[in-house]
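I set out to record what a look through this structure shows. My entries follow in the order in which I looked things up.

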Amino acid sequence: MKIIVASIFVQDQDKALEFYTETLGFVKKHDVPVGEFRWITLVSPDEQDGTELLLEPNDHPAAKEYQKKIFADGIPATMFGVADINKEYKRLLETGVNFTMEPTKMGELTIAVFDDTCGNLIQIVQK
């Protein structure tokens, strides 16, 4: 068994698709109409057959409440790995991304946290 799709709730699928592809650099793998929403998945440009990230609409009241509460408590919705966190931090700052935590060493890891503009905090990590 392996993880093939992980989802993240987003307030607006179009805005999320733009941010995750144009700012973060993910590649769109699927964009399929499903009722009033779409099945939009993204992959890493380096692993296009790897785990997909589903941009899940937060249309359900429980999803909205969950997303709002973890954001308010400063809890990242997910984590992405990066090879050079300081380089990625600088690159994202230059595109206007708002960080809530700059790169911080925590044991063997260095982490940083940013706002994805779609209702989530995202943690990046360098091992």
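**Helix α1 and its ends**

I began at the end of the first helix: α1 is followed by G25, whose phi is positive, near 95°. I note here that the model is a predicted one.

I then went to the start of α1, where a side-chain oxygen of D12 comes to within 2.9 Å of the backbone nitrogen of D14. Next I asked which residues of helix α1 (residues 13-23) are buried. I found Q13, A16, L17, F19, Y20 and T23. For the spacing I recalled that an α-helix has 3.6 residues a turn, so residues three or four places apart point the same way.

**Aromatic residues**

I looked up the aromatic pairs and found 8 in the structure. One of them joins Y20 and F26: the ring centres are 6.4 Å apart and the planes stand at 35°, so I entered the pair as tilted. Both Y20 and F26 are buried.

I turned to Y89 and F99, whose ring centres lie 4.6 Å apart with the planes at 70°, so this pair is edge-to-face. Y89 belongs to helix α3 (residues 85-94) and F99 to strand β6 (residues 99-106), so the pair ties together parts that are 10 residues apart in sequence. I checked the burial of each: Y89 has a relative accessible area of 19% and is buried, where the cut-off is under 20%. F99 also counts as buried, at 13%.

I also recorded one aromatic cluster, formed by F19, Y20, F26, F80, Y89, F99 and F114.

**Residue N58**

Where does N58 lie? I placed N58 in the loop between β4 (52-57) and α2 (61-72). Is N58 buried or exposed? N58 is buried, with a relative accessible area of 8%. Its side chain makes a polar contact of 2.6 Å with the side chain of Q67. Leaving out residues up to four places away in sequence, I listed F9, V10, Q11, A63, K64 and Q67 as the residues that N58 touches.

**The chain as a whole**

I counted 3 helices and 8 strands in the chain. From the N terminus on, the order of elements is β-α-β-β-β-α-β-α-β-β-β.

For overall size, I compared the radius of gyration of 15 Å with the value near 14 Å for a compact globule of 127 residues, and the two agree. The C-alpha atoms fill a box of roughly 45 × 35 × 35 Å along the principal axes.

Of the 127 residues, 36% count as buried. The chain exposes about 7,900 Å², of which carbon and sulfur atoms supply 52%. Lastly, I noted that among contacts with a separation of 6 or more, 51% come from residues 24 or more positions apart.

Notes
Residues are numbered from 1 along each chain as its sequence is written. This is a predicted model: local features need pLDDT of at least 70, side-chain atom pairs count only at pLDDT 80 or more; totals for chains, interfaces and linings use all residues. Side-chain values use heavy atoms; hydrogens and water are left out. Helices (H or I, at least four residues) and strands (E, at least two) are DSSP runs, numbered from the N terminus. Buried means under 20% relative accessible area, exposed over 50%, partly exposed in between (1.4 Å probe, protein chains only). A polar contact is a pair of N or O atoms within 3.5 Å; within protein, one must be able to donate a hydrogen and the other to accept it, and residues adjacent in sequence count only if both atoms are side-chain atoms. Contact means heavy atoms within 4.5 Å. Rings of Phe, Tyr and Trp (its six-membered ring) pair if their centres lie within 6.5 Å; planes under 30 degrees apart count as stacked, over 60 as edge-to-face and the rest as tilted. The radius of gyration is taken over C-alpha atoms; the globule rule is 2.2 Å times the number of residues to the power 0.38. Accessible areas come from the Shrake-Rupley method with a 1.4 Å probe; for residues, only the protein chains shown count as cover.
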